[in-house]
Amino acid sequence: MRPGLRKGRRAKEAEVVTLVGNQSGKQMSKDICIHTWPCSYYLELEKRWVPGRLSLTSLSLKFMANKTEEILVSFPLSSIIEIKKEASHFFFSSITILEKNHIKHWFSSLQPNRNVVFNIIEHFWRELLLSQPETTVPALTSPMTKGKELTGLMASSQRRLEDTAKVLHHQGEQFDNIMKGLDKIESDLDVADRLLTELESPSWWPFSSKLWKTPSEIKPRDGTSISSSEAFGKEGVVIKIPAVISQRTESHAKPGKLTIFVSGLEIHDSNSLLMHRFEREDVDDIKVHTPYEISIRQRFIGKPDIVFRLISAKMPEVIPILEMQFSKKIELLEDALMLKRTRTSSSAEKGCSPWHAASGLMDRVLHQESSSGSEEGRQAQVQMNAQLISEEDTQELRQILRTLKSLALDTETELERQDEALDGITSSVDRAALTVDKHNRRIKKLT
């Protein structure tokens, strides 16, 4: 190829890259970087490999060269037709990505390995394809009105409150189990009291043999504990999401599933086989690296800790639930913390609280319906009402508000019941502590 023609093609390629960067700059700036891998990209025009970094965001892929720090290629995940594992020159393992315009991209020398990068990219690509029918079809059929936006906000608030009610209900079950355990402790202390009384009584005392418990009295207690544990194991699923799971090292990342119960977490592989179950009390810490990546740790003494690292496109839906269940054990790292601050600040500036939006919008609609005026004014009000919120949206909002009200009342009742249970637990613990101290003093006298 002649030097002049090669320079012309390089200039044209640079113009195309600049144009793509300018067109997608606004969208990419709002995108979140999920992961970055060192690799090499094959330039078709120059017939050579360029070392750099491949970055995956929630909506796009881009490659940046190491020397020039120039973005050589950038495209949205929605434009991908096919992702395959191939070999370049029949030797080097590579990943090829085919776009809708039949442009094929080659990536090789992927670190830590090709399988890890392929699994993560394919996961986010598939999740994006599965979520497209829900988001794009309504937008094409009818424009999003304020009523529909408000209904979506209220529906998300309803789901969040329902999740909170599930967690609160499980907390109440835990309090009930604690009360049962304290009752068993008190009965065991009664047995200890009888044994100590027998040891303290003289040998000629005729009623000392009746102080022992018979085996028939102990069996029902064991049966009740087994039945309570079986009832405790029957629980509902809070949420289940697909994820890319790695343990200890990132070089063995594989697709799987994360299931959150009210009493713990379960991690399954792609064949739905259980890899590990974390009970709620077994989880020592949860670190949120990014809105799409978390790590769960269970510490041990004398043997290695159990650590799982999970990446998922559905992780933003899971993190708020984990914050409710493990509020004292979850830690937001720098990237996740900065994103949370920016989201809270932007939402505060916009004032997009669903409760304020609902009350303000409903007040405006009711005020417009009650106000009287001329026919022209009434027609204008009808037009404004049609633009703000429709009758169907109003009915749906009222139904959601009724559901939220009933959920809030049930939550308040459950909280009051748990406050009473906490008072009972506190008094039972105090009684048990006093009884243990008294028994210790009696044991010291015997010894």
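Select phenylalanine 107 in this predicted model and display its neighbours: leaving aside residues up to four places away in sequence, Phe107 touches Cys39, Ser40, Tyr41, Trp49, Leu54, Phe63, Val73, Ser94, Ile95 and Ile97. Keep Phe107 highlighted, and add the strand that carries this residue, β7, which covers residues 104-108. Is this strand enclosed or open to the outside? Of its 5 residues, 4 are buried, so β7 is largely enclosed by the rest of the structure.

Next, bring in the strands that pair with β7. Select residues 33-43, which form strand β1, and you will find an antiparallel pairing with β7 over 2 bridges; within this pair, tyrosine 41 stands opposite phenylalanine 107. Then select residues 92-99, strand β6, which also pairs with β7 in the antiparallel sense, here over 5 bridges, with leucine 98 standing opposite lysine 104. Follow the backbone from β6 into β7, where 4 residues lie between the strands of the hairpin, and stop at histidine 102, which takes a positive phi near 65°. As background for what you see, strands of a sheet pair through backbone hydrogen bonds, either parallel or antiparallel.

While β1 is in view, colour its cysteines. Cysteine 33 is partly exposed, with a relative accessible area of 40%, whereas cysteine 39 has a relative accessibility of 3% and therefore counts as buried, the cut-off being under 20%. A search for disulfides in the structure gives 0.

Now widen the selection to the core around Phe107. Which residues touch the most other members of the largest nonpolar core? They are Leu54, Leu56, Leu61, Phe63 and Phe107, in a core of 34 residues. Two or more residues of this core come from each of β1, β2 (48-57), β3 (60-65), β4 (71-76), β5 (80-88), β6 and α3 (114-141). Helix α3 gives the largest share, 8 residues.

Moving along the chain, select Leu265, Ile286, Ile321 and Ile330, which are among the 26 residues of a second, separate core.

From here, turn to the open sheet of 8 strands, whose order is β11-β10-β9-β8-β14-β13-β12-β15 and whose pairing is mixed. Its edge strands, β11 (274-279) and β15 (330-332), each pair on one side only, and from one strand to the next the twist averages 30°. Within this sheet, select residues 285-290 and 293-298 together: these are strands β12 and β13, paired in the antiparallel sense over 5 bridges, and threonine 290 stands opposite glutamate 293 in β13.

Then add residues 315-325, helix α6, which packs on the sheet and touches β8 (237-247), β9 (254-261), β10 (264-269), β12, β13, β14 (306-311) and β15. If you look along β8 and compare its direction with that of the helix, the two make about 110°.

Finally, show the whole chain again. Its secondary structure comes to 10 helices and 15 strands, and 34% of its 447 residues count as buried. Among contacts between residues at least 6 apart in sequence, 53% join residues at least 24 apart. With the surface switched on, the chain exposes about 27,900 Å², of which carbon and sulfur atoms supply 56%.

Note on methods:
Residues numbered from 1 in each chain as written. Predicted model: local features only at pLDDT ≥ 70, side-chain atom pairs only at ≥ 80, totals over all residues. Heavy atoms only, no water. Disulfide = S-S within 2.5 Å. Buried < 20%, exposed > 50% of the residue type's maximum accessible area, 1.4 Å probe, protein only. Contact = heavy atoms within 4.5 Å. Areas by Shrake-Rupley, 256 points an atom, 1.4 Å probe, with all protein chains shown as cover. Pairing = 2+ DSSP bridges. Core = buried A, V, L, I, M, F, W, Y, C linked by side-chain atoms within 4.5 Å. Axes fitted to C-alpha atoms, helices over the stretch in contact; angles between N-to-C directions.
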